[in-house]
Amino acid sequence: MLKTRIITALALLAVLLPVLYFNNYTAFAVVASVFFGAAIWECFRLFNPETAKAPLIAAFWTAAFVYAFFIAPSPNPTFWFAISVLVWALRFAPSLKLGLPPLGSGANTFLSLVYAIAVVGCFAAIVEMYRLSPLYLLSVMAIVWAADIFAYFSGKAFGKRKLAPSISPGKSWEGAIGGCIAVLVLATLSIVLGGDAMAGTFAAQVQASLGWAALYVVLILIVAASVVGDLFESQLKRRAGMKDSSNLLPGHGGVLDRVDALVPVLPLAALIGSRL
């Protein structure tokens, strides 16, 4: 399993890094659209595991996404960021406490559409931040990756209090706090020691515009959003009786398994960035 995970990760990096840094917008549009289509397909499978229409639905949503963001770009991407932040704050985050509607219900169908809109917001943020710079986009993603990696090790070392035992028994409060502290430390070091090389990162731009205190508040909010995104997808998989959102990425599960924490984070970061 570990060998498969490593091979898949290297293959993904071999595709994604050149696309990001060779400034080929057409290649970026193709890769982003493929990943979006896969995420939407997995989304509707999680909400309706028995459906045979998920590929057709995904094709429709992907065509609309390509048209809106690459052929006739939306004049106001901030709308998608704001909508995404609102649905996470008002509907998805509370569901971790209140639960989800039963599969097959009208409320479940409606929720699937709302989550699909959140996925659109995530990929709209990817497009917008790529246009600013690949470094800016990667710097936001790195916040989530660092939080996840250090949460794992902190949880292994110190974890005692379960964060959401009925959803993801392996996660602990100590792990989440450890991941957050690591993000604050790493962001601080990147700004203090990174100089001009890190001046274009999300953290550096927030600090330059709003100051240190605001940066730490923003980073804590982003880490919290990443935890919510991860737990929400775990909740969907548990309800659907699935271990992974799909098997598209051998050793890693599906696309949503890789971007679940990014779905709430990227629109939030893009919304904050648009106000700097």
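Contact here means heavy atoms within 4.5 Å. Keep that cut-off handy for the exercises below.

A bit of housekeeping: this is a predicted model, where local features need pLDDT of at least 70, side-chain atom pairs count only at pLDDT 80 or more, and totals for chains, interfaces and linings use all residues. Residues are numbered from 1 along each chain as its sequence is written, and side-chain values use heavy atoms, with hydrogens and water left out.

**Exercise 1. Work out which elements make up the protein chain, and in what order.**

Step 1: Count the elements. Helices (H or I, at least four residues) and strands (E, at least two) are DSSP runs, numbered from the N terminus. The protein chain has 11 helices and 2 strands.

Step 2: Read along the sequence, and you get α-α-α-α-α-α-β-β-α-α-α-α-α.

Step 3: Check the overall packing. The radius of gyration (taken over C-alpha atoms) is compared with a globule rule of 2.2 Å times the number of residues to the power 0.38. The protein chain comes out at 18 Å, close to the 19 Å that the rule gives for 276 residues, so it is as compact as a globular protein of that length. Its C-alpha trace spans about 50 × 50 × 40 Å along the principal axes.

Step 4: Look at the contacts with a separation of 6 or more: 73% of them in the protein chain come from residues 24 or more positions apart.

**Exercise 2. Compare the "transmembrane region" annotation with the helices.**

Step 1: Pull the record. The unreviewed UniProt entry puts this annotation on several spans, including 173-193 and 213-232. UniProt positions are given in the numbering used here, feature names are shortened, and annotations may be inferred rather than shown by experiment.

Step 2: Test those two spans. Residues 173-193 are 100% helix and 0% strand, with the end C-alpha atoms 30 Å apart. Residues 213-232 are also 100% helix and 0% strand, and their end C-alpha atoms lie 29 Å apart.

**Exercise 3. Is E174 buried or exposed, and what does it touch?**

Step 1: Place the residue. E174 sits in helix α7 (residues 173-194).

Step 2: Apply the cut-offs: buried is under 20% relative accessible area, exposed is over 50%, and partly exposed is in between (1.4 Å probe, protein chains only). E174 has a relative accessible area of 14%, so it is buried.

Step 3: List partners, skipping neighbours within four places in sequence. E174 is in contact with S154, F158, G159, K160 and R161.

**Exercise 4. Find what L219 touches, and how far its C-alpha atom is from that of P101.**

Step 1: L219 lies in helix α9 (residues 212-240), and its relative accessible area of 0% makes it buried.

Step 2: Not counting residues up to four places away in sequence, L219 touches I143, V183, L184 and A187.

Step 3: P101 is 118 residues away from L219 along the chain, and their C-alpha atoms are separated by 31 Å.

**Exercise 5. Set S245 beside L276: where does each one lie, and what is its accessibility class?**

Step 1: S245 lies in the loop between α9 and α10 (255-259). Its relative accessibility is 0%, so S245 counts as buried.

Step 2: Outside the four-place window, the residues that S245 touches include E42, R45, E233, K237 and D257.

Step 3: L276 lies in the segment after α11 (262-273). At 37% relative accessibility, L276 counts as partly exposed.

Step 4: Leaving aside neighbours within four places, L276 is in contact with Q205, V206, S209 and L210.
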